[in-house]
Amino acid sequence: APQGVPQDAAALCARAYAHSPSEPLRARGHRIKAWAAILLDDDEAALAQAERGIAANPHFPTCYVAGAIAAKRLGQDALAARHAGMLSASPTFGTVEGIAENLTPLRLAPLQRDYLAALAAAGLPRRGSAEPRLRAPA
């Protein structure tokens with residue numbers, strides 16, 4: 001998806017899963033499929049993939065980014081806020097500014113401003129260090 005072929009993400013992830021079925025690593029594949037779905041304006045699929053990634057590895061913050069954007073765009077404000085709250089504990093992804101600087105798929109996204117606005121609307125602080133509000137389940 002980051003290389004500009006979001007329509008190929010599902011097939012590429014299926015091939016990767018065949019070689020590495022370890023569940024924590026699957027979070028990366030789900031994240032890739034979530035971003036591909038966001039880029040293709042399929043927020044329901046994006047949210048489903050983000051949720052699968054979170055279930056596979058609840059300590060992988062980029063799944064929460066995709067989940068927050070998709071949930072906010074779907075009007076699921078409470079879920080978007082919960083995902084944004086989980087991000088606030090991340091030193092890299094705890095603010096909109098941090099995400100804009102550090103998340104490659106978002107830097108390449110044609111609608112970057114819209115995605116960052118969705119994160120801010122979900123409750124993620126725009127800049128500065130955020131105080132952790134929620135913790136990922138152990």
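1. D77 is a convenient starting point: its relative accessibility is 42%, which places the residue in the partly exposed class. The model under discussion is a predicted one. D77 belongs to helix α5, and its side chain forms a salt bridge with that of K72, with 3.0 Å from N to O. K72 is likewise partly exposed, at a relative accessible area of 23%. D77 also marks a place where separate parts of the chain approach each other: its C-alpha atom is 6.6 Å from that of A122, although the two positions lie 45 residues apart along the chain.

2. The salt bridges deserve to be considered together. Across the whole structure, four salt bridges are found. Side chains of opposite charge can pair when their charged atoms come close. One of the four joins R73 to D43, with the closest N and O atoms 2.9 Å apart. This pair connects distant parts of the chain, since R73 is in helix α4 and D43 in helix α3, at a separation of 30 residues. The partners differ in exposure class: R73 is partly exposed, with a relative accessible area of 29%, whereas D43 is buried, at 11% relative accessibility.

3. The R73 pair is part of a wider arrangement. D41, D43 and R73 are linked in a network of salt bridges. D41 is located in the loop between α2 and α3, and at 52% relative accessibility D41 counts as exposed. The backbone at D41 also merits attention: its phi is near 60°, a positive value in a residue other than glycine.

4. A further salt bridge is formed by the side chains of E97 and R127, at 3.8 Å from N to O. E97 is part of helix α6 and R127 of the segment after α8, so this salt bridge ties together parts that are 30 residues apart in sequence. E97 is partly exposed, with a relative accessible area of 32%; R127 is exposed, at 61%.

5. The packing of α3 against α4 can be described in detail. The axes of these two helices come within 8 Å and cross at roughly 145°, and the crossing is left-handed. On the α3 side the contact is made by D43, A46, L47, A50, G53 and I54, and on the α4 side by C63, Y64, A66, G67, A70, A71 and R73. By residue class, this contact comprises nine nonpolar, two polar and two charged residues. The salt-bridge partners D43 and R73 are both among the contact residues. An α-helix has 3.6 residues a turn, so residues three or four places apart point the same way.

6. Also in α3 is A45, which is partly exposed at 27% relative accessibility. The C-alpha atoms of A45 and W35 are 9.6 Å apart, with a sequence separation of 10 residues.

7. Which residues does H83 touch, beyond those up to four places away in sequence? They are L47, E51, I54, Y64, G67 and A68. H83 lies in helix α5 and has a relative accessible area of 3%; it therefore counts as buried. Among the residues touched by H83, L47, I54, Y64 and G67 also take part in the contact of α3 with α4.

8. The largest nonpolar core contains 34 residues, and V65, I99 and L119 have the most contacts inside it. Two or more residues are contributed by each of α2 (23-39), α3 (43-56), α4 (61-73), α5 (77-87), α6 (96-102) and α8 (112-121). Helix α4 gives the most, with eight residues. With neighbours within four places in sequence left aside, V65 is in contact with W35, L87, I99, L103 and L119. The contacts of V65 thus include I99 and L119, the residues named with V65 as having the most contacts inside the core.

9. Helix α8 completes the account. Its buried residues are Y115, L116, A118, L119 and A120; of these, L119 is one of the residues with the most contacts inside the core. After α8 comes G123, whose phi is positive, near 110°.

Methods. Residues are numbered from 1 along each chain as its sequence is written. This is a predicted model: local features need pLDDT of at least 70, side-chain atom pairs count only at pLDDT 80 or more; totals for chains, interfaces and linings use all residues. Side-chain values use heavy atoms; hydrogens and water are left out. A nonpolar core is a set of buried Ala, Val, Leu, Ile, Met, Phe, Trp, Tyr and Cys residues joined through side-chain atoms within 4.5 Å. Buried means under 20% relative accessible area, exposed over 50%, partly exposed in between (1.4 Å probe, protein chains only). Helices (H or I, at least four residues) and strands (E, at least two) are DSSP runs, numbered from the N terminus. Contact means heavy atoms within 4.5 Å. Axes are lines fitted to C-alpha atoms, for helices over the stretch in contact, and angles run from 0 to 180 degrees between N-to-C directions. A crossing is left-handed if the near helix is turned anticlockwise from the far one by less than a right angle, and right-handed if clockwise. Ala, Val, Leu, Ile, Met, Phe, Trp, Tyr, Cys and Pro count as nonpolar, Asp, Glu, Lys and Arg as charged, and the others, Gly among them, as polar.
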